[in-house]
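Trainee: I have this one open for the first time. Can you walk me through it?

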Amino acid sequence: MPTLILVRHGRSTANTEGLLAGWTPGVRLDERGAAQAAALPARLDGLPLAEVVISPLERCQETVRPLLDARPGLTAHTDERIGECHYGDWSGRKLADLKDEPLMDVVQAHPSAAAFPGGESMRAMATRAAEAVREWNARVERDHGPDAVYLMCSHGDIIKSLVADALGLHLDLFQRISVEPCSITAIRYTRLRPFLLRLGDTGDFASLVPREEPPAEEAPVGGGAGAP
């Protein structure tokens, strides 16, 4: 079965403003995110990508644009199932203001029970993303063979849920996983089990440098902004 390259979108204006973007329209890459996207073709050079599947949201479309420009023969598809979680009434709000919401404790400790007001549950998000990957695995294998490599550009919570699925982790444990903006995660699927080959690889260790303020114990909903 194919190998899936998961790319989280580059850093967005919502990331730097501390907003939970969700499906809010008009959230684009900031200057650093655009630079991350521009570097993506070189980082993936040598990988024979068979297909590219993209979330419909602008920040993902912008992240993949330099790669598609560098490989004009590469076919791209948009799939809403790998779009960001529908955060409903939380969309567009400041993460700092959401910390005191009772639901945030559920999101952090028991995400499989978390459902956003006016939006969807995290369980539904994880299910639709996993179903999309399984369908694309079958399609890519059919069209390009079992050794094919393809790419999906998606969002932090989506990618974390797919990693948890690949590792056989309960969704309640997915907040232990971290993927920074424009990081690369690779999963090789086989008949018996998936293998996690890379997790949140940016090629940059800046995020590991100790900071003046200790890192938060809570997982950043939506994925966080990455290294400063």
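Mentor: Start with a term: buried means under 20% relative accessible area, exposed means over 50%, and partly exposed lies in between, with a 1.4 Å probe and protein chains only. By that rule Cys60, at 0% relative accessibility, counts as buried.

Trainee: Okay, and what sort of model is it?

Mentor: It is a predicted model, where local features need pLDDT of at least 70, side-chain atom pairs count only at pLDDT 80 or more, and totals for chains, interfaces and linings use all residues. Residues are numbered from 1 along each chain as its sequence is written, and side-chain values use heavy atoms, with hydrogens and water left out.

Trainee: How many helices and strands does the chain have?

Mentor: Seven helices and six strands. Both are DSSP runs numbered from the N terminus: helices are H or I with at least four residues, strands are E with at least two. Along the sequence the pattern reads β-α-α-β-α-β-α-α-α-β-α-β-β. The chain has 228 residues, and 48% of them count as buried.

Trainee: Back to Cys60. How many disulfides does the structure hold?

Mentor: Zero. A disulfide here is a pair of cysteine sulfur atoms within 2.5 Å. The closest cysteine sulfur to that of Cys60 is in Cys153, at 4.0 Å, so it is too far for a bond.

Trainee: Where is Cys153?

Mentor: Cys153 sits in strand β4, residues 149–154, and is buried at 0% relative accessibility. Its C-alpha is 6.5 Å from that of Val53, although the two are 100 residues apart in sequence.

Trainee: Which residues of α3 are buried?

Mentor: Arg59, Cys60, Thr63, Val64, Leu67 and Leu68.

Trainee: And where does α3 bend?

Mentor: At Val64, by about 35 degrees, with Pro66 following within four residues. The bend is the angle between axes fitted to the seven residues ending there and the seven starting there.

Trainee: What span should α3 have, and what does it have?

Mentor: The expected span is 1.5 Å times one less than the number of residues. For the 13 residues of α3 (58–70) that gives 18 Å, and the end C-alpha atoms are 19 Å apart, which agrees.

Trainee: What comes before α3?

Mentor: Pro56 is in the loop between β2 (49–54) and α3. Pro56 is partly exposed, at 28% relative accessibility. Pro56 and Asp79 are 23 residues apart in sequence and 6.6 Å apart in space, C-alpha to C-alpha.

Trainee: New topic: how much space lies in the second largest pocket?

Mentor: About 270 Å³. On a 1 Å grid over the protein atoms alone, a pocket is an open set of points where a 1.4 Å probe fits, with protein on both sides within 12 Å along at least five of seven lines; lining residues have an atom within 4 Å of a point. Points are joined across faces, edges and corners, and the volume is the space filled by probe spheres set on them.

Trainee: Which residues lie nearest its centre?

Mentor: Of the 14 lining residues, Ile5, Leu47, Ile184, Ala186 and Arg198. Strands β1 (3–8), β5 (184–189) and β6 (194–201) each supply at least two residues of that lining.

Trainee: Where is Cys182, and is it buried or exposed?

Mentor: Cys182 is in the loop between α7 (156–167) and β5, and is buried at 1%. Its phi is near 60 degrees, a positive value in a residue other than glycine.
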